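Please look over the sequence and the structure shown here before reading on. The report that follows takes up a few parts of the fold in turn.

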Amino acid sequence: MPKAASTPSFPLNGLFPIAKPSGPSSMKCIDSITPLLLDSRLFDDPVKRSQPQSRNKRKKNLTHMGLKIGQGGTLDPLADGVLVIGVNRGTKHLNQFLECSKEYESIGLLGAATTSYDSHDPVISTASWEHVTKEDIEKVLDQFRGEILQTPPIFSALKMDGKPLYEYARENKPLPRPIPIRKCQVSIDLVDFRPASVTPGDGGHEYRWPSERLDAEGKEMFRKLTDIVHEAQHKGAEGGEKEPEEEAKVAEVINAEAKALDSPDYPEVSPKTGLRPPTFTVRMTVSSGTYVRSIVHDIGVALGCGAHVVKLTRTRQGEFSLYGDEEALSTSAASTTSPVKMVGNQTPDLVSISETGPTGGCVPWDVWERAIAEQVADKAHDEKERKDAIASGMSAEDIHMYYSQEAVTTRKREGPLKEWETEVLRRFKPVPVPINGGHGFHPL
């Protein structure tokens, strides 16, 4: 029996983590880096490239060049941190990252509750926050350890039967069924409690409440929505679909939010102290499906002043960490910055990677930004060279031979590895590749 190959061949099949920045959506980040992957020797599949998929028969996550790419658990635009990317057969292994536990660090700003529980949406209510101390928050956190019941943000774009919940309120229609309450496992600790800055550079935070407030129409819709949600939950409890504890949990959250909505607005700058509200930072490990924003919001409810998320970072997802092992990173960097020998169609430097596993945390987003900028500049340079060649009278055959997209890409794939390719290899986790026509796998 022939010995299995010690390194996987092109195209790569597996997983790697990137550090998503706050701002763009997860899909926008993937769309941004996809052109780089398509131009790289690491993910090029000549067979698929020569036989493009029919547009009517394209498989899920398959690009027009045959590369399959997906992500293992989206992050909201506000959130940053670990985003696991699967390529080719690696996409079949992404479900494990949807079901695994995750670690987050979140900063909550006291005194204001928002519609989506984060700083990207309007303020629903404000309340006095001066009474809250670090010790108060530490005591409240006991309510959020172990198994907890959680209600998703009811005024967000959460959908039921394809329709956002707020549409039911706008149409004054009952919900078809209660909002599913989630049972979540949570480990949570307070890691920071920080007053707002008074003068620049004094060590205080600079976060502020959202400037947008829910208008009268929005408040009325919120009241309707809380009523129909409460009614749906109550009917569900009567029908035996909900446990009394679950019904009480929903009622507690809804009543607290309705009460806060009717309370007078409280200023962001305290009339008592002249200061702005503090932030608290919590680090938590949560089970699959947990709304971290809801935890921060519910902490604010428990404190009696409201709170919303101003920063959310996923620091770990499964085996992938945002920061990584610095010692492993240094060792890996030393090996991958040396000249790389390409043997046949084997993948450079994956022998050591497959033995040690992914190292070095996530590929930093600034690495991708530099690569994207370089690719744009290269394409502009290539186009200029092509136009100059046309102007010089070069034959159409020679122009196609030297300046077609395929010819240019082929030449670039023969050069040294780019920075982003090296960074991906340092963190890449290969997955088994079928052999013998799909029966059995190469051990990696």
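Leaving aside its neighbours within four places in sequence, which residues is I295 in contact with?

## Contacts of I295 and the cores

In this predicted model, I295 is in contact with F144, I148, Q150, V186, I188, M284, V286 and T290, once its neighbours within four places in sequence are set aside.

I295 also belongs to the largest nonpolar core, which has 36 residues, and it is listed with L110, I188, F280, M284, I299 and L303 as having the most contacts inside that core. At least two residues of this core come from each of β4 (102-110), α4 (134-140), β10 (182-194), β11 (279-286), α8 (292-303) and β12 (307-317), and α8 gives the most, with five residues. Another core, of 27 residues, lies apart from this one, and among its members are F10, V87, W368 and F428.

## Helix α1

Helix α1 covers residues 26-39, and its 14 residues reach 21 Å from the first C-alpha to the last, which is close to the 20 Å expected at 1.5 Å a residue. The helix bends by about 35° at I33, and a proline, P35, follows within four residues.

Among the residues of α1 that are buried are C29, I30, I33 and L37, and what covers the buried residues of this helix includes the strands β1 (14-20), β2 (69-71) and β3 (80-87), together with the helices α11 (365-391), α13 (405-413) and α14 (419-427).

## The second largest pocket

The second largest pocket holds about 480 Å³ of space. It is lined by 19 residues, of which T74, D76, Y104, T290 and Y291 are the closest to its centre, while β4, α8 and β12 are the elements that give two or more residues to the lining.

Conventions: Residues are numbered from 1 along each chain as its sequence is written. This is a predicted model: local features need pLDDT of at least 70, side-chain atom pairs count only at pLDDT 80 or more; totals for chains, interfaces and linings use all residues. Side-chain values use heavy atoms; hydrogens and water are left out. The expected span of a helix is 1.5 Å times one less than its number of residues. The bend at a residue is the angle between axes fitted to the seven residues ending there and the seven starting there. Buried means under 20% relative accessible area, exposed over 50%, partly exposed in between (1.4 Å probe, protein chains only). Contact means heavy atoms within 4.5 Å. A nonpolar core is a set of buried Ala, Val, Leu, Ile, Met, Phe, Trp, Tyr and Cys residues joined through side-chain atoms within 4.5 Å. On a 1 Å grid over the protein atoms alone, a cavity is a set of points where a 1.4 Å probe fits but cannot get out, and a pocket is an open set with protein on both sides within 12 Å along at least five of seven lines; lining residues have an atom within 4 Å of a point. Grid points are joined across faces, edges and corners, and a volume is the space filled by probe spheres set on the points.
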